[in-house]
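Student: Hey, got a minute to go through a model with me? I'd like to talk about how it packs.
Tutor: Sure, put it up and ask away.

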Amino acid sequence: MTLKLYGGARSRASIIQWYLEELAIPYEFVKLDMQAGEHRQPAYLAINPIGKVPAIVDGDFVLWESGAILLYLAEKYGKTEHSPEQNALFSQWVLFGNATLGPGIFIEANREREMPRLMTALNEIFAKQPFLLGDEFTVADVAVGSILAYIPVMLKLDLSEYPAVVNYMKQISERPAFRKTIGG
């Protein structure tokens, strides 16, 4: 049975698509017409009672919230076994992307205060290593990288003070799975 990913055009489902492509997991994308309110119809509310996307159905297992889905996919379909500590680091970065980085950059009232602190810390990390957790691309990079990738598209902010972050953004945007999904 193929994993089903529910999403809309230009939704956070593209983050999940990116990771599914990175992991080479076959999936069916069920595109909901958000404008027509398909995500608020009983059929979809049975999958996600909150009525938001993305959500997945993997066999009999149903899960929604992009961060939870990313962590589930890493645990179930990741290519290598990870220690509890490694999994905790994945969770840390996925939660950071959704709860700290996203609101710190995309909520205008927070941006002036939060963005320099967040971007300086990320710049220091990427000045030392190619990915968040070292030399290996992981689910952490999908979570944080997807947020960063939306900056030039949605906000057009000057990131010249953070050259290592800019280089990281360029590097992830050149990945085939990124190009096929978010960058396509």
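Student: Which residues does Leu-148 touch, not counting those up to four places away in sequence?
Tutor: Keep in mind that this is a predicted model. In it, Leu-148 touches Leu-101, Met-119, Leu-122, Phe-126, Val-165, Tyr-168 and Met-169.

Student: OK, and how many residues are in the largest nonpolar core?
Tutor: The largest nonpolar core has 51 residues. Leu-148 is among those with the most contacts inside it, along with Leu-73, Leu-101, Met-119 and Leu-122.

Student: Which elements give two or more residues to this core?
Tutor: One strand and a set of helices: β1 (3-8), α1 (13-23), α3 (66-77), α4 (84-106), α5 (108-128), α6 (139-154), α7 (163-173) and α8 (176-180). The largest share comes from α6, with 10 residues.

Student: What about a second core, which residues does it include?
Tutor: There is a separate one of 8 residues, and Tyr-6, Leu-32, Ile-47 and Val-53 are included in it.

Student: Switching to helix pairs. How do α5 and α7 cross?
Tutor: Their axes come within 7 Å and cross at roughly 70°. That angle falls in the 65 to 115 degree range, so α5 and α7 are roughly perpendicular to each other. The crossing of α5 past α7 is left-handed.

Student: Which residues meet there?
Tutor: From α5 you have Met-119, Leu-122, Asn-123, Phe-126 and Ala-127, and they meet Pro-163, Ala-164, Val-165 and Tyr-168 of α7. By class, that contact has 8 nonpolar residues, 1 polar and no charged ones.

Student: Staying with α5, where is Pro-116, and what is it in contact with?
Tutor: Pro-116 is in helix α5. Leaving aside neighbours within four places in sequence, Pro-116 is in contact with Arg-111 and Tyr-162.

Student: Why does Pro-116 count as partly exposed?
Tutor: Because its relative accessibility is 35%, and partly exposed lies between the 20% and 50% cut-offs.

Student: And what separates the C-alpha atoms of Pro-116 and Ile-15?
Tutor: They are separated by 24 Å, with the two residues 101 apart along the chain.

Student: Ile-15 is in α1, right where I wanted to go next. Is α1 buried or exposed?
Tutor: In α1, 9 of the 11 residues are buried, so α1 is largely enclosed by the rest of the structure. The buried ones are Ala-13, Ser-14, Ile-15, Ile-16, Gln-17, Trp-18, Tyr-19, Leu-20 and Leu-23.

Student: What follows α1?
Tutor: Ala-24 does, and its phi is positive, near 60°.

Terms used: Residues are numbered from 1 along each chain as its sequence is written. This is a predicted model: local features need pLDDT of at least 70, side-chain atom pairs count only at pLDDT 80 or more; totals for chains, interfaces and linings use all residues. Side-chain values use heavy atoms; hydrogens and water are left out. A nonpolar core is a set of buried Ala, Val, Leu, Ile, Met, Phe, Trp, Tyr and Cys residues joined through side-chain atoms within 4.5 Å. Buried means under 20% relative accessible area, exposed over 50%, partly exposed in between (1.4 Å probe, protein chains only). Helices (H or I, at least four residues) and strands (E, at least two) are DSSP runs, numbered from the N terminus. Contact means heavy atoms within 4.5 Å. Axes are lines fitted to C-alpha atoms, for helices over the stretch in contact, and angles run from 0 to 180 degrees between N-to-C directions. Angles under 35 degrees count as roughly parallel, over 145 as roughly antiparallel, 65 to 115 as roughly perpendicular and the rest as oblique. A crossing is left-handed if the near helix is turned anticlockwise from the far one by less than a right angle, and right-handed if clockwise. Ala, Val, Leu, Ile, Met, Phe, Trp, Tyr, Cys and Pro count as nonpolar, Asp, Glu, Lys and Arg as charged, and the others, Gly among them, as polar.
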